[in-house]
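Let's work through a few short exercises together. Keep the sequence and the 3D view open, and try each task before reading its solution.

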Amino acid sequence: MNKKQLKHYRGLLETKRGELVDRVRAARNTETQGPGEDAPDLGDRALTTTTREMSYRLSAEERVILKRIDKALQRMESGTYGTCLNCGGKIQTGRLEAVPWARYCIECQELLDRGEIPDLDP
Ligand SMILES: [Zn+2]
């Protein structure tokens, strides 16, 4: 995968990650807008979204996606992004376009879905 492609997929991953982070922030803002709460000290705390808080605010499915996104970003750093965890082949670009945090190529994902291979990165 060349640098231009990597940059493209990184953009997709970061956009999706940003959506999840925004959701957490929006949920918190709704909760903190109580009467008599001018909250002058929201400052730094309001801007920091911890991993634990992310886990608490998101649905189970969203949490899995967030974890997959972070791992995909790690694989970009280590140079293994776009490589299937099971067979070591290239993950199809059409698949990465739809699911940029995909860990398996289409063939291996089908094997996994049928329970024919174990999930190597649960
Ligand atoms: Zn594969």
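The expected span of a helix is 1.5 Å times one less than its number of residues. Keep in mind that this model is predicted.

**Exercise 1.** Work out what span helix 4 should have, and compare it with the distance between its end C-alpha atoms.

*Solution.* Start by finding the helix: helix 4 covers residues 60–78. Next, take its 19 residues at 1.5 Å a residue, which gives an expected span of 27 Å. Then look at the end C-alpha atoms, which are 27 Å apart, so the two values agree. Finally, step just past the end of the helix: there you meet Gly79, whose phi is positive, near 80°.

**Exercise 2.** Describe the overall make-up of the protein: which elements does it have, and in what order?

*Solution.* Count the elements to begin with: there are six helices and zero strands. Reading from the N terminus, the order is therefore α-α-α-α-α-α. Now turn to burial: of the 122 residues, 13% are buried. Last, consider contacts between residues at least 6 apart in sequence; 54% of these join residues at least 24 apart.

**Exercise 3.** Decide whether Ala72 is buried or exposed, and find its contacts.

*Solution.* First locate Ala72, which sits in helix 4. Now count neighbours: 24 other C-beta atoms lie within 10 Å of Ala72, so this residue is buried. The cut-off used here is 20 or more. Setting aside residues up to four places away in sequence, Ala72 touches Leu13, Tyr81, Pro100 and Trp101. As a distance check, the C-alpha atoms of Ala72 and Tyr9 are 9.6 Å apart, although 63 residues separate them along the chain.

**Exercise 4.** Do the same for Leu13: is Leu13 buried or exposed, and which residues does Leu13 contact?

*Solution.* Leu13 belongs to helix 1, residues 3–32. With 20 other C-beta atoms within 10 Å, Leu13 is buried. Beyond its neighbours within four places in sequence, Leu13 is in contact with Ile69, Ala72, Leu73, Pro100 and Trp101. To place this in a wider setting, look at the largest nonpolar core: it has twelve residues, among them Leu13, Ala72 and Trp101.

**Exercise 5.** Explain why Leu112 counts as partly exposed, and trace its surroundings.

*Solution.* Leu112 is found in helix 6, residues 106–113. Its count is 17 other C-beta atoms within 10 Å, which is why Leu112 is partly exposed. Skipping residues up to four places away in sequence, Leu112 touches Tyr104, Ile117 and Asp119. Of these, Tyr104 is part of the largest nonpolar core. Another member of that core is Cys108. With neighbours within four places left out, Cys108 is in contact with Cys84, Asn86, Cys87 and Ile117.

Key. Residues numbered from 1 in each chain as written. Predicted model: local features only at pLDDT ≥ 70, side-chain atom pairs only at ≥ 80, totals over all residues. Helix = DSSP H or I, 4+ residues; strand = E, 2+ residues; numbered from the N terminus. Contact = placed C-beta atoms within 7 Å. Core = buried A, V, L, I, M, F, W, Y, C linked by C-beta atoms within 7 Å.
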